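The following exchange examines why certain structural terms apply to the model displayed here.

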Amino acid sequence: MDLEKCTGCGECAKVCPVNVSNYFNVGLDKAQAVFRPYSQAIPSAYAITKLDKAPCTITCPAHINVQGYIQLIKSGKNADAVKLIMERVPLPGTLGRICPHPCEEKCRRQEVDEPLAISGLKRFAADQVNIEDLPVPLVALREEKIAIIGSGPAGLTCAYHLAQRGYRPTIFEALEKPGGMLRVGIPEYRLPREVLAKEIDNILRLGVELKTNTALGRDFTLDGLFNQGYKAIFLGIGCHQGRALGIPGEDAEGVMQGVEFLRRHNLGQNLQVGKKIAVIGGGNVALDVACAARRYGATVTIVYRRSREEMPAHAWEIDQGLCEGVKILYQVAPLEVFNDGGRVTGLLCQQMDLAERDSSGRRRPIPIAGAEFELPVDMVVAAIGQEASLDGLKDAGITFSRLGTIETDEVTYATSSPGVFAGGDAHTGPWIAIEAMGGGIEAAESIDRYLRGVDMYEGRVRGIAARQRWREIPKDEEGRPREIMPTLPPEISSICFSEIAQGYSETQALSEASRCLNCEVCSECMQCLDVCQAGAIDHGQKEEKLTLNVGSVVLAPGFQTFDPSHLTAYGYGKYPNVFTSLEFERILSPGGPFHGHVQRRSDGKEPKKIGWIHCVGMRSHREGEHPYCSNFCCMAALKQAIVAREHIGPDLDMALFFIDLRTPRKDFEKYCVKIKDQGARLIRSRVHTVVPKGSNGDLEVRYISETGEVRDEIFDAVVLSVGMVVPPDVVELAERLEIPLSPNNFVEASCFEPTSTFREGIFSCGAFNGPKDIPQSVMEGSAAAAAATRALAAARGTMLKEKVFPPEKDLTDVPPRVGVFVCNCGLNIGGVADVPAIVEYAQGIGDVAYSQANLFTCSQDAQAQMVEMIKQHDLNRVVVAACSPSTHAPIFQDMLRGAGLNKYLFEMANIRNQCTWVHQNEPMLATEKCKDLVNMAVAKARLLTPLEYIIVDVNRKALVIGGGAAGSTAALGLADQGYEVHLVERKDRLGGNALKLHTTWRGGLVKPRLDALLRKVLNHEKIIIHYNAIVDGVTGVVGNFTSKLTTGEEINHGIVVIAIGGEPYRPEGEYLYKQNPNVLLSLDLDKKILEKSERLKTAQAAAFIQCVGSRSPERPYCNKVCCSHSVENAIKLKVLNPEMDVYVLYRDMRTYGERELLYQRAREMGIVFIRFRRLDPPLVEEDGGRIKITVKDQVLERPVSLHVDLLTLATAIIPHHNAPLAELYKIPLNAEGFFTEAHAKIKPVEASTEGIFMAGLCHYPKPMQESVAEALACASRANTILSRDFLQLESIISNPVDENCDGCAFCVDACPFAAITLIEYMKEGQVKKTVEVNPIQCKGCGSCMATCPKQGIYVAGFTPAQLSAQVEAALGLI
Amino acid sequence: MEDQYEPRIIAFCCNWCSYAGADLAGVSRIQYPPSARIIRVMCSGMVHPNLVIDALTKGADGVLVCG
């Protein structure tokens, strides 16, 4: 697909016959082989899924596109099917009857039930089409004379392909009728004469000359042909000579060769058929002779030396013979033909036994001594094999094989004699017609190349590379046996020569064709080519290998969800109403398989009770599962429950079966509280099994509660929250790139370089670096960009090209001259609405100076032509009636600028998305609506005025506030990009909270890495550090801020990064904090570990209490760090002193991602984990010099007392100093005082005010690795502003009208962007109040315009007059 | 009222949400009656009450402000 050309119109999908499971909706519905991935996909284009060539096509010796024609038959397009078959072979009807179809043997349908009846379908299509009606291709004629010797399948096919290339070959046929073995070897009850004759006539119609009764050797020689001017010769002389029996008496009258018998019969020559006949042999010729002889009224006995198993004839032919009364004597060999006066009277036979297998793999017959008998017959037909008659080829310089066949090159089919080619039985030995045709095709190609003098081998190999990347057979593919073709009953067929097989009915054919599994997905039926008016489809596109020279590589390969099919406990794949969370996600989506309607797989009913099972395949050491936690799934399950309730209604019964509820991210905890309020039942449990309940699709979930009771509950549907897994191909990629991975296949990135792999220059981000959710992945993507471009800073912008536009025309006092361009969009608009009528209508609208239609207005050539028209007709306003301005306005606005017009003199009428696409069945009304939309657009366009482009310079300096790990990283990232950075730190040293940390969760020491970072910052020539300084004044906007420091300095800068950190909550008065010296905060314990404090070694017992001051109504958020931090420190204590009793008192153990392994290790080391409830916190008292903790154990359901010497409190992280900066830079804070980002998912480090970025703890609590990644992300996002010389802003903004404005300031309050200020100035000696708009802050929303009672402010491009004109036009008033 | 009564509806749609939604309805080929005329605005907040009254007085049967 050419993405530049594809307009996303979807005509291709309408005609595509291939229906396969929809990848995007995880197979819940179907899509065509040509498909648009999903409705909002960008680019808005279609794609085609093509896998390897299907086994049928590979197996077919002529490589007919089987899947293609089957799909066309399925669509009822039989003529197209025949054309597709005839791209390869000229005899579709013949093949459809006699081909032994090796393709069917390889058909993958037999893995479901039985192979497809490919041959029968081919015959059906051919029978529906009059071959004479097919068009003759127009080709340039070629002069060279070519001789084709033999008119069998090989010769005919070769001639056919040469004729299509413009040659006019001559066929020389020794017999009186053309067709070779097809004509003289196959009786008419299998292949009616007229079918073959018609197809041969069609070949002659292409300009092939036929000379019958002209035999090689008898009537001409090869040399003679060359002397007559023939430039190339094809030998397709077949094998028409039967092998002699080699037994006494075979010269008697009444002994005949099988091929001769058939030839005489088929040509209507004199044939004396006996009354009692013995046919010797077990091949198809033997059966054909036997069956034909039956029709002459003879009693027929086939004599065959081996068993039925070894018979070379096709099983269906043997069956047919037996049905028609042919007798077969197995394991019998002829010994002698008896005669009486030269006439056959009998056949002496020998009973045989079968010994071991011989070289052909068949059991070897050996005579049984004494077991001889006589068969009384009056005719003996020998059918034990044929060979080519090579007499005419002697002395022609052609070499033959040991088997008496013509030797050729295996690719080109060239013989040893120059200019002579060969194919068919004479080359292969007696074999099937389709093989001969394959030879004919290749020989034709070779002859053409030979005559044109080009390389015979280039691009050619024997056969098709048999890769086997095929469509998976759907698990739910229903078994459906193949259609049985009606045949004449044997009692009738055996007495006449009418065709036995009657062919499929249309119903049968359609049904049979629909059994095809579409192994290749796209069948290359080429139907899409005919309907694609944009010419965007190219079936010849090939996989390309490109070499790119790059400075860095970023790996963002993503993940796949865990496949729970093999976990028998949950019954996924077995019980239809068990879904994976990914499936359920798609079901909930309005763009999903059921348009957002939640329904069960079994009966389509809306479930009223849904259970979610968390941690499926995760947090488990069982075979085929994963030990880590996937981080995102708890929250995803909660979200799905809430959304499902929105879809289904408040009565939805939601139950979530979880182990620990892990919702550590910003604001996720609130979500968790919200869902409880909505009645969701959060059940802490382990699920044992899911089993069906009753026969209506309901499911019973058996689970073990926290207190160890076994409970059952019945649900309408169950959703399995499946985790993230690194796909095998990504693991392979990592191996190829020599990037070491963790045992769970994630990149082990260092804390200070969270997006760097261990290989220099290769970076990674997203789920590949550990399981994570969308916001963090997006953020990491930006971080990786910063890291990857660090070394490339010097090359930045060197490959850019600037677009230059001509000067714009002055339109002062020039009346409007509107040009209207109406798009057909292929058939998308033109196929529904009457485009010429719209163009005509537009010409009649006032001020319209010119109007025309385009096939595709957005195409390159149309653009160029429109520029011409604008100039030629002196147009000064342009209306394009086409698709949506959201996607296409920028293209046309550029075109306007290219024509010397201001880009705001443009308006679009959305007649596709909002008219023809949504009124497809009402062409008249759609046309009327199109006219109205054009009229409305013109009404607005004539009032449009040129707008000034607003351009502001960018001060390419950065301000970073906060000198901790995050701030330092951001400063370094920006300085490395070449920007001057001012780093403002409140204290007299850099490092912040990181100075207190001992190790990261992976166990790496923090100090040396932090020191290295700070050293770089301190020594960087682009970084200016301001110690002991706080920002206390700010003016300006993005690109041009001025910030004042408490030190009196003033800094001008283009952007600001805020990374001022956070601090631990100090729980004064709780848990003996500050009352007992052995009660510490987490960071204090780190310090003690750093100092190798003696107290740690002497302590006999230690405890940790989690969630102190967090996850509470006052602070409804999780710190994200403390579970891992405490577990890590608990392990350190245990390592320091293995005798020490260590307890962790927690509410939910949130060791997310691979941190789960820490939790696992801690339990293995004997650290005791005790869960408590928020409302039942531990009681901490002093008791004889030790600390006594009393806590109600949730498993035992009773209080437990512990005595410890050391208690560490994992307290909340709280913001500090956020409020003043929020005020200064106008950044909203959330209820807990953390900065709010512009968009949680897509703008995770940007403030809603442009040019302001945030990283680290001031944004929300998080581990250091994430803070550092955020800092890098800030540097990357800031770079998108700082790298520009100027910013071009949107001119569609508010403009005050001074004479109307009385300074009431209603608009000042209404403005959501604080872009309007009230000002006073002296006018005519009086104070005049008015408002001023900051063009950088204004987003053009027009809230001011709607608020103003006096028309004192308007939005350019959406003035009251323009909107009013659109209303009037819509109502038909203008 | 006539049998074939078709109301004339003026719809002011926000460029960022409902106008994009109307585009998506097109992409999804959702069929609806052709009686509405959509006017694109940069925000539904820009639609002055006077504009709505104006449309109704001039003959619109309904006005939809969507954002």
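**Terms and their grounds**

Q: What makes strand E11 (residues 276-280) and strand E17 (residues 379-382) of chain A a pair?
A: Four bridges join E11(A) to E17(A), and the two run parallel; because pairing requires at least two bridges found by DSSP, the term applies. Within this pair, A:Ala278 stands opposite A:Val380 in E17(A).

Q: On what kind of model do these statements rest?
A: This is a predicted model, in which local features need pLDDT of at least 70, side-chain atom pairs count only at pLDDT 80 or more, and totals for chains, interfaces and linings use all residues. Residues are numbered from 1 along each chain as its sequence is written, while chains are lettered from A and ligands numbered from 1 in the order in which they are written.

Q: Why are strands E10 and E13 of chain A said to stand at the edges?
A: The open sheet has the order E10-E17-E11-E12-E13 (chain A), with parallel pairing. E10 (255-257) and E13 (327-329) each have a single partner strand, so one side of each is left without a neighbour in the sheet.

Q: Why is H4(A) called roughly perpendicular to H7(A)?
A: The axes of helix H4 (residues 78-85) and helix H7 (residues 118-128) of chain A come within 8 Å and cross at roughly 115°. That makes H4(A) roughly perpendicular to H7(A), a term that covers angles of 65 to 115 degrees.

Q: What makes H4(A) mostly covered?
A: Six of its eight residues are buried, that is, 20 or more other C-beta atoms lie within 10 Å of their own, with C-beta atoms placed from the backbone. Among them are A:Asp80 and A:Leu84.

Conventions
Axes fitted to C-alpha atoms, helices over the stretch in contact; angles between N-to-C directions. Parallel < 35°, antiparallel > 145°, perpendicular 65-115°, else oblique. Buried ≥ 20, exposed ≤ 12 C-beta atoms within 10 Å, placed from the backbone.
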